[in-house]
Amino acid sequence: MGTMDQRAVEVFDTTLRDGLQVEGVSATVEDKLRIAEQLDVLGVHYIEGGWPGANPKDIEFFDRAATELRLETSTLVAFGSTRRPRGKVDDDPTLRNLVDAGTSAVCIVAKSSEYHVTQALQTTLDEGEAMIADSVEFLVGNGRRVLVDAEHFFDGYKANPEFSLRALEAAVVKGASHLVLCDTNGGSLPHEVSEIVAAVHTHFGSDVTLGIHCHDDTGCAVANSMAAVLAGAGQVQGTLNGLGERTGNANLSTIIPNLQLKLGYQCLPVGRLDQLTAVSHHVAELLNRAVNPQAPYVGSSAFAHKAGLHTSAIARAKNAYEHVDPELVGNGTRFVVSEMAGRATITMKAAELGLDMDGPAVNSVIDDLKRLEHEGYHFEAADASLELLMRRATGWEHDFFRVESLRVLIDESPSSGFNTEATVKVWVGEDRRVCTAEGNGPVNAIDTALRSALNGSYPHLDRVHLTDYKVRILDGAGSTGAVTRVLLDATDGERDWTTIGVSTNIIEASWRALEESIVYGLLHA
Ligand SMILES: [Zn+2]
């Protein structure tokens, strides 16, 4: 790669390879292709797509990527390893698969710690070095740009720096473009990373680009990555939302804005940073793994302010309470509203939602909030229901549909177990529709029946689906019966929202939340 602008840092995303090591997540080839498109929208330099040869899914991914993916900004990378100990490069299946993947760049993992060469590989240090040299030479000879992931580099360097540097030199001499220093166990701390990266940087100068690949086992993956960049690394590896095995990989959703907004490095092409929140949520959605609400920059609470003394002060000087302008990363300021909310908070919330509310409307919202929260509602957790409540206070009513009646039947038979069936009668304009559906439970049955009733009128509903359903039994003091609170999370792939229903009857509580969820989805179609 030669020299690069010192203020530029490459972003290497490994969500599709290392990120998918996380427990409980599996992605289809289709999902992986969609995620790669999102990463290209964001504009990362490299997308590590997987390990061709490790499993049929990754082979299919690279096959389809070659014909179906139209990447405009990013370069797709195939991942593999160096040749086997005492083997030959020409008949090494891993290296063959890497070349066959057909990507212009490849990344190979190489053992750069004495302990791992002698103990894990059971071979000599000379052979360990030759494995790296031969493999890089072979791949460069096949016209590939070669990045070398130096596995266990920091632990290895601490124990035997001489061998760890020798391993890197073997790669550079044979033409590797990047040396990626990996904190594979994730146990390093920022001061150690800083010192070691600086030493390696001094050793190699501008002959090669150094990369940093951190895991979050000490909670320092972001800090370690930043320390490495400040010490001379020109590439940061990580995953969106910090996905990865154990405690996760370095979180690019945090690192990228840190580097661009705080330190002035250019990581993404101009004009792409404001895609960060949308892409992080879209990828999370494709992997069915919601973004942590408290995630820096991209979390739904990242710029949320709770009502209180600060509220009117925030209105006057937002930047006194927000470390960056949320719009720079595509997020937004949000005001969290509860029964404690005063006029200032409601007025701010109205402004956030673009509602024009006069004094009486604000007062009526405050009264409604107090009454409903006393009944068991909790609007802090249900922003979509709050928005609908505030809109109604301005005289608004939705006219998407009108429910005439709703019926749910549950029966049990020895042959087929429990069965649930729901019938809804709704009006869409002048059109009366009666629909019946079965479901694996009452909420599912009602949801399916309502959707089939609205089918045809609102195509956007195809993209809206429920992502979580939480039930809590409230045993409030003074109440005569247990009250059920239902929170329903939904998404249309771009926006996530939560609605709430409260009743002594769980079906009624669920229905309230569901109806509002659909209305909100249609309102923001
Ligand atoms: Zn890793």
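This report describes the fold, the zinc site and the helix packing of a predicted model.

**Basis of the model**

Residues are numbered from 1 along each chain as its sequence is written, and side-chain values use heavy atoms, with hydrogens and water left out. Because the model is predicted, local features need pLDDT of at least 70 and side-chain atom pairs count only at pLDDT 80 or more, while totals for chains, interfaces and linings use all residues.

The mean pLDDT of the chain (the predictor's confidence in each residue, from 0 to 100) is 92, and 96% of the residues reach 70 or more. Over residues 1–6, pLDDT stays under 50, and the model has 13 contacts for this stretch beyond four places in sequence. A contact means heavy atoms within 4.5 Å.

**Overall composition**

The chain contains 17 helices and 16 strands; helices (H or I, at least four residues) and strands (E, at least two) are DSSP runs numbered from the N terminus. Its C-alpha atoms fill a box of roughly 80 × 65 × 40 Å, taken along the principal axes. Of the 525 residues, 52% count as buried, that is, under 20% relative accessible area with a 1.4 Å probe and protein chains only. Among contacts with a separation of 6 or more, 68% come from residues 24 or more positions apart.

**The barrel and the zinc site**

Eight strands form a closed barrel in the order β1-β2-β3-β4-β5-β6-β7-β8, with parallel pairing. Two strands pair if DSSP finds at least two bridges between them. Neighbouring strands of this sheet are turned by 25 degrees against each other on average, direction ignored. Axes are lines fitted to C-alpha atoms, for helices over the stretch in contact, and angles run from 0 to 180 degrees between N-to-C directions.

Strands β7 (residues 209–214) and β8 (residues 235–238) run parallel and are joined by 3 bridges; Ile-212 stands opposite Val-236 in β8. Helices α2 and α7 pack on the barrel sheet, and helix α16 lies across β11, β12 and β13. The table lists the three helices.

| Helix | Strands touched or crossed | Angle |
|---|---|---|
| α2 (residues 56–68) | β2 (46–50), β3 (75–81) | about 155 degrees with β3 |
| α7 (residues 161–173) | β4 (105–111), β5 (145–151), β6 (178–183) | about 150 degrees with β6 |
| α16 (residues 442–454) | β11, β12, β13 | about 145 degrees to β13 |

The protein donors of the zinc ion are Asp-18 (OD), His-213 (NE2) and His-215 (NE2), lying 2.0 to 2.2 Å from the ion. Along the chain these donors follow the spacing D-x194-H-x1-H. Asp-18, in the loop between β1 (10–13) and α1 (29–42), and His-213, in strand β7, are 195 residues apart and link distant parts of the chain. Both Asp-18 and His-213 are buried. Donors are N, O and S atoms within 2.8 Å of the metal (3.2 Å for Na, K and Ca); water is not among the atoms, so sites may look incomplete.

**The antiparallel sheet**

An open sheet of 3 strands has the order β11-β12-β13 and antiparallel pairing. Its edge strands, β11 (402–413) and β13 (431–439), each pair on one side only. Neighbouring strands here are turned by 15 degrees against each other on average, direction ignored. Strand β12 (residues 417–428) pairs with β13 over 9 bridges, and the bridge partner of Lys-425 in β13 is Val-434.

**A helix pair**

The axes of α13 (residues 343–353) and α15 (residues 383–393) come within 11 Å and cross at roughly 95 degrees. The two helices are therefore roughly perpendicular to each other, a term that covers 65 to 115 degrees. Residues making the contact include Ile-346 and Leu-353 of α13 and Leu-386 and Met-390 of α15.

Technical notes: Buried < 20%, exposed > 50% of the residue type's maximum accessible area, 1.4 Å probe, protein only. Parallel < 35°, antiparallel > 145°, perpendicular 65-115°, else oblique.
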